[in-house]
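Trainee: I would like a close look at a single part of this model. Please take one element and work outward from there.

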Amino acid sequence: MTRVPAPDGAHLAVRTSGAEAPLLLLSGQAGSHEWWTRVRADFDAFRRVVTLDWRGTGDSDAPPGPYSTQGFAEDAIAVLDHLGIDRADVYGTSMGGRVAQWIAIRHPHRVRRLVLGCTSPGGPHAVERSAAVRKALADPDPAAARRALLDLMYSPEWTARHPGPYWTLGDPTMSRQARHQHLLASNGHDAWAELPRITAPTLVLHGDRDDLNPTANAPLLADRIPGARLQLIAGARHAYFEECRDEASAVVREFLTAG
């Protein structure tokens with residue numbers, strides 16, 4: 001693990017593995033590098049994989065905020081700078097996909113290829129989750145809210161075979177304040193007006209049964225980003241990259257190594 005200074009002086013925990021060309025993996029809301037634990041090995045064989053603990057998670061500092069997806073993007077750029085990486089492939093899922101949009105918009109020369117997984121353009125153009133989903137996630141019983149989130153991430157058949165831990169449910173070491181700041185950052189994202197500025201070849205991936213970040217957001221992104229390719233993973237919920245790991249990782253590897 002390496003400690004990397006962010007633009008505001010906070011320190012971010014960064015991990016690297018593998019070799020060859022760099023691949024920056026960006027986790028979802030309230031996620032540390034552990035978000036990628038089950039699938040990281042799929043990319044180590046052909047990429048130098050870089051992950052970070054978002055501020056407020058894992059071994060990174062937790063300054064009081066405010067947090068934003070734009071700010072997280074600048075944190076990621078600081079990581080690349082520290083590691084001496086001029087240009088990388090960038091693969092972000094969920095909130096990490098929101099952050100990846102800003103990296104590609106604001107720093108186009110730093111992104112070779114872009115993968116946006118189970119994410120959204122944000123703002124008024126995005127398709128919001130249903131009232132029923134919001135109610136389930138806001139259940140005053142923490143155990144019930146956790147069960148609801150787990151069901152939105154994975155099918156019951158998959159969780160029966162994989163007893164956990166489930167890192168996609170968030171870093172359990174986070175403070176309540178940091179968790180709230182992550183929620184505000186994700187909810188405040190709106191890159192719609194800037195998406196046509198993305199020049200990197202882009203793959204949009206999404207599970208076709210995603211109710212946490214509705215699947216309808218995927219074609220919105222693909223239509224808005226010039227030349228973007230859209231692929232849906234059949235039967236997958238929000239954590240398609242884990243439950244449908246073989247298919248999803250193969251699609252990403254093919255995209256990153258094409259041309």
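Mentor: What follows starts with one helix and then turns to some loops and a strand. Keep in mind that the model is predicted.

Take helix 3, residues 95-106. Start with its length. Helix 3 has 12 residues, and at 1.5 Å a residue it should span 16 Å. Its end C-alpha atoms lie 17 Å apart, which agrees.

Now its surroundings. Of the 12 residues in helix 3, 11 are buried, so the rest of the structure largely encloses this helix. The buried set begins with Met95, Gly96, Gly97 and Arg98. Val99, Ala100, Gln101 and Trp102 belong to it too. Ile103, Ala104 and Ile105 complete the list.

What do the buried residues of helix 3 pack against? Three strands are among the partners: strand 3 (22-26), strand 5 (88-93) and strand 6 (111-117). Helices take part as well, namely helix 2, helix 7 (176-187) and helix 8.

Helix 2 deserves a closer look. Two packed helices are described by the angle between their axes and the distance between the axes. Helix 2 covers residues 69-83, and its axis comes within 8 Å of the axis of helix 3. The two axes cross at roughly 70 degrees. Angles of 65 to 115 degrees count as roughly perpendicular, and helix 2 and helix 3 are therefore roughly perpendicular to each other. Their crossing is right-handed. On the helix 2 side, the contact is made by Thr69, Gln70, Phe72, Ala73, Glu74, Ala76 and Ile77. Helix 3 contributes Met95, Arg98, Val99, Trp102, Ile103 and Arg106. By class, that contact has eight nonpolar, two polar and three charged residues.

Next, the residue leading into helix 3. Ser94 sits in the loop between strand 5 and helix 3. Its phi is near 55 degrees, a positive value in a residue other than glycine. Is Ser94 buried or exposed? Its relative accessibility is 11%, so Ser94 counts as buried.

Ala30 also has a positive phi, about 65 degrees, although it is not a glycine. Ala30 belongs to the loop between strand 3 and helix 1 (41-44). With a relative accessible area of 4%, Ala30 is buried.

Two cis peptide bonds come next. One joins Gly65 and Pro66, with omega about 5 degrees. Pro66 is in the loop between strand 4 (48-52) and helix 2. Another joins Gly164 and Pro165, again with omega about 5 degrees. Pro165 lies in the loop between helix 6 (156-161) and helix 7.

Helix 8 (217-224) has a loop to consider as well. Thr215 lies in that loop, between strand 7 (202-207) and helix 8. Its relative accessibility is 15%, and Thr215 counts as buried because the cut-off is 20%. Leaving out residues up to four places away in sequence, Thr215 touches His206, Gly207, Asp208, Arg209, Asp210 and Leu232.

Finish with strand 2 (residues 11-18), where Ala13 is found. Ala13 is buried, at a relative accessible area of 2%. Neighbours within four places aside, Ala13 contacts Met1, Thr2, Thr51, Leu52, Asp53, Asp59 and Ser60. Ala13 and Leu256 are 243 residues apart in sequence. In space, C-alpha to C-alpha, Ala13 and Leu256 are 25 Å apart.

Technical notes: Residues numbered from 1 in each chain as written. Predicted model: local features only at pLDDT ≥ 70, side-chain atom pairs only at ≥ 80, totals over all residues. Heavy atoms only, no water. Helix = DSSP H or I, 4+ residues; strand = E, 2+ residues; numbered from the N terminus. Buried < 20%, exposed > 50% of the residue type's maximum accessible area, 1.4 Å probe, protein only. Contact = heavy atoms within 4.5 Å. Axes fitted to C-alpha atoms, helices over the stretch in contact; angles between N-to-C directions. Parallel < 35°, antiparallel > 145°, perpendicular 65-115°, else oblique. Left-handed = near helix turned anticlockwise from the far one by under 90°. Nonpolar A, V, L, I, M, F, W, Y, C, P; charged D, E, K, R; others polar. Expected span 1.5 Å × (residues − 1).
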